[in-house]
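Biologist: I've got a structure open and I'd like to learn how to read it. Can we go through it feature by feature?

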Amino acid sequence: MSQPDPSARTGIDPRSPRFGAGITAVLLLIDLFLSLVGATTAAAVLLLVIALLFAWGAFAGIRRHPYGVLFRAVIRPRLAPPTELEDPAPPTFAQAVGLLVTGVGLVLFVSGVPLALPIAAALAFAAAFLNSVFGYCLGCQLYLLLVRARLIRRRADA
């Protein structure tokens with residue numbers, strides 16, 4: 001008897017957000033380096049691209065994020081099936097948190113606060129690094145805290 005396709009069930013492979021967080025961490029580390037060596041225009045453009053990717057994940061959902069699509073098309077077929085699937089709502093919310101951090105950094109930078117760029121990149125890098133290396137998603141934990149406190153409702157359409 002064949003096993004059902006995991007992508008047909010509700011939920012996402014928990015390795016997918018970690019894969020995306022790894023790519024994001026590398027991009028944010030490059031951005032942090034660029035901003036610290038004085039290439040602020042390049043750093044601002046790269047942080048804008050990263051913010052747009054966060055917006056894509058936050059508004060279209062984690063399943064439609066380019067890194068998720070890449071994971072499903074290239075990486076996932078080479079791995080064993082996941083032992084369990086993850087609710088997509090917390091990682092989707094985490095994308096919104098990333099958008100907030102990078103967006104505020106960009107707005108403050110454009111408003112004349114030069115240190116906002118490396119600080120926003122460093123904060124977002126720390127979160128992406130924790131997720132990619134240790135599987136600890138700060139935005140997901142914030143989502144669960146807010147749901148438990150009944151400040152937000154659980155999303156089913158992520």
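Modeller: Sure. Let's begin with a term: a salt bridge is a side-chain nitrogen of Lys or Arg within 4 Å of a carboxyl oxygen of Asp or Glu. Keep in mind that this is a predicted model.

Biologist: What is the general idea behind such pairs?

Modeller: Side chains of opposite charge can pair when their charged atoms come close. Here, Asp-13 forms a salt bridge with Arg-76, with 3.3 Å between the closest N and O atoms. That pair ties together distant parts of the chain, 63 residues apart: Asp-13 sits in the segment before helix 1, and Arg-76 in the loop between helix 3 and helix 4.

Biologist: How many salt bridges are there by this rule?

Modeller: Two. The other pairing joins the side chains of Arg-15 and Asp-13, at 2.8 Å from N to O. So Asp-13, Arg-15 and Arg-76 end up linked in a network.

Biologist: Is Asp-13 buried or exposed?

Modeller: Buried means under 20% relative accessible area. Asp-13 has 8%, so it's buried. Arg-76, at 16%, counts as buried too, while Arg-15, at 28%, is partly exposed.

Biologist: Now the nonpolar residues. Which ones have the most contacts inside the largest nonpolar core?

Modeller: In soluble globular proteins, nonpolar side chains tend to be buried together. In this model the largest nonpolar core has 14 residues, and Leu-28, Leu-47, Ile-50, Leu-106, Leu-117 and Ala-128 have the most contacts inside it. Helix 1, helix 2 and helix 5 each supply at least two residues of this core, with helix 2 giving the most, seven. Take Leu-117: leaving out residues up to four places away in sequence, its contacts include Leu-47, Leu-106 and Phe-109.

Biologist: What about helix 4? Why does its length make sense?

Modeller: Count 1.5 Å a residue: the 22 residues of helix 4 should span 32 Å, and its end C-alpha atoms are 31 Å apart, so the two agree. Its buried residues include Ala-94, Gly-98, Thr-102 and Leu-106. Among the elements covering the buried residues of helix 4 are helix 1, helix 2, helix 5 and helix 6. After helix 4 comes Gly-112, with a positive phi near 105°.

Biologist: And which residues form the nonpolar patch on the surface?

Modeller: Phe-129, Val-133, Phe-134, Tyr-136 and Leu-138, with about 480 Å² of accessible area together. Helix 5 gives the most to this patch, three residues. Phe-129 lies in helix 5 and, with a relative accessible area of 35%, is partly exposed.

How values were computed. Residues numbered from 1 in each chain as written. Predicted model: local features only at pLDDT ≥ 70, side-chain atom pairs only at ≥ 80, totals over all residues. Heavy atoms only, no water. Patch = residues over 30% accessible without salt bridge, like charges linked within 9 Å, V, L, I, M, F, W, Y side chains within 5 Å. Areas by Shrake-Rupley, 256 points an atom, 1.4 Å probe, with all protein chains shown as cover. Helix = DSSP H or I, 4+ residues; strand = E, 2+ residues; numbered from the N terminus. Buried < 20%, exposed > 50% of the residue type's maximum accessible area, 1.4 Å probe, protein only. Expected span 1.5 Å × (residues − 1). Contact = heavy atoms within 4.5 Å. Core = buried A, V, L, I, M, F, W, Y, C linked by side-chain atoms within 4.5 Å.
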